[in-house]
Amino acid sequence: SFSWLYQVEGTIPRAYVVNKAVVEKDSTRVLRLLSSAEFDPALEVVLDSEIPMPPIRQLKATANILRYENELVTIAASADNEAILVLADSHYPGWKAFVDGREEVIRRANLFYRAVPLAAGNHTVEFRYEPRSFTIGLVVSVVTFIALAVVTAVLVLRSRIKQLRLKNVISINTSSDRLNLSP
């Protein structure tokens, strides 16, 4: 059987570091910028909010993915100057970023990706998927479980109290009947 094999040239890596950013919030303009011949995604990024950066200069930087899972991405990054780490994964609610253990705001990069600012030096960056919906669902489930346990305990106690009262009434009635039967 016949098949075609294509090679895509000039792709960007999954994680990379840049020190040039353009801020644009309008998605149509972002797409125009990304498709322009002057834009080089390996050297610059289009962000949805500004990250203060010193004037552009030559950057020596690396980004290596150490761990890549569904809900956790760990990257070892280094830069000789302030820079921006770009992770070419979907920008989606629920993701949190931690640079050297400190939470950092995730910026939307190139309309679809995630980015965080980096100071000069070596860093460990973790992207963790911790959606609020999971936390809210967990709290609702725990509260519901506790409420069901309390209601069940109350109903069982009420039932036992009723049974004890009935036994007392029956034992009082039978003992009084015995007393009435004797002459």
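Q: Is R14 buried, exposed or partly exposed?
A: This model is predicted. Relative accessibility under 20% means buried, and over 50% means exposed. R14 comes out at 41%, so R14 is partly exposed.

Q: Which residue forms a salt bridge with R14, and how far apart are the closest N and O atoms?
A: Side chains of opposite charge can pair when their charged atoms come close. A salt bridge needs a nitrogen within 4 Å of a carboxyl oxygen. R14 pairs with D89, and their closest N and O atoms are apart by 2.4 Å.

Q: How many residues apart in the chain are D89 and R14?
A: D89 sits in the loop between β6 and β7. R14 sits in the segment before β1. The pair therefore links distant parts of the chain, and the separation is 75 residues.

Q: Is D89 buried or exposed?
A: The cut-off for buried is under 20% relative accessible area. D89 has 7%, so D89 is buried.

Q: In the salt bridge of R29 and E24, which residue is buried?
A: The two side chains meet at 3.8 Å, N to O. R29 has a relative accessible area of 47%, so R29 is partly exposed. The other partner has 18%, under the 20% limit, so the buried residue is E24.

Q: Which parts of the structure does the salt bridge between K96 and E130 tie together?
A: The closest N and O atoms of K96 and E130 are 3.7 Å apart. The two residues are 34 apart in sequence. K96 lies in one strand and E130 in a loop, so the parts tied together are β7 and the loop between β11 and α2.

Q: Which residues are linked with K96 in a network of salt bridges?
A: E130 is one partner of K96. Both K96, at 31%, and E130, at 32%, are partly exposed. The network links K96 with E126, R128 and E130.

Q: Over which ring does the charged end of R128 sit?
A: R128 also belongs to the salt-bridge network with K96, E126 and E130. Its charged end is 3.9 Å from a ring centre. That ring belongs to F98.

Q: Which residue lies over the face of W95?
A: The distance to the ring centre of W95 is 4.0 Å. A charge counts as over a ring within 6 Å of the centre, if the angle fits too. The residue is R114.

Q: Is the pair of F2 and W4 stacked or edge-to-face?
A: The ring centres lie 5.3 Å apart. The planes stand at 90°, and over 60 degrees counts as edge-to-face. So the pair is edge-to-face.

Q: Which residues do ring pairs link into a cluster?
A: F2 pairs with W4. W4 and Y6 form a stacked pair, 6.4 Å centre to centre, with 20° between the planes. F2 and W4 are exposed, and so is Y6. The cluster is F2, W4 and Y6.

Q: Which element gives the largest share of the largest nonpolar core?
A: This core has 19 residues, and V17, I75 and L85 are among those with the most contacts inside it. Elements giving two or more residues include β1, β6 and β10. The largest share is 4 residues, and the element is β5.

Q: Which residues of β11 (121–129) is V116 in contact with?
A: V116 is among the residues with the most contacts inside the largest core. Leaving aside neighbours within four places, its contacts include L85, A97 and I106. From β11, the contacts are V125 and F127.

Definitions and conventions. Residues numbered from 1 in each chain as written. Predicted model: local features only at pLDDT ≥ 70, side-chain atom pairs only at ≥ 80, totals over all residues. Heavy atoms only, no water. Core = buried A, V, L, I, M, F, W, Y, C linked by side-chain atoms within 4.5 Å. Buried < 20%, exposed > 50% of the residue type's maximum accessible area, 1.4 Å probe, protein only. Contact = heavy atoms within 4.5 Å. Phe/Tyr/Trp six-rings, centres within 6.5 Å; stacked < 30°, edge-to-face > 60°. Lys NZ or Arg CZ within 6 Å of the ring centre and 35° of its normal.
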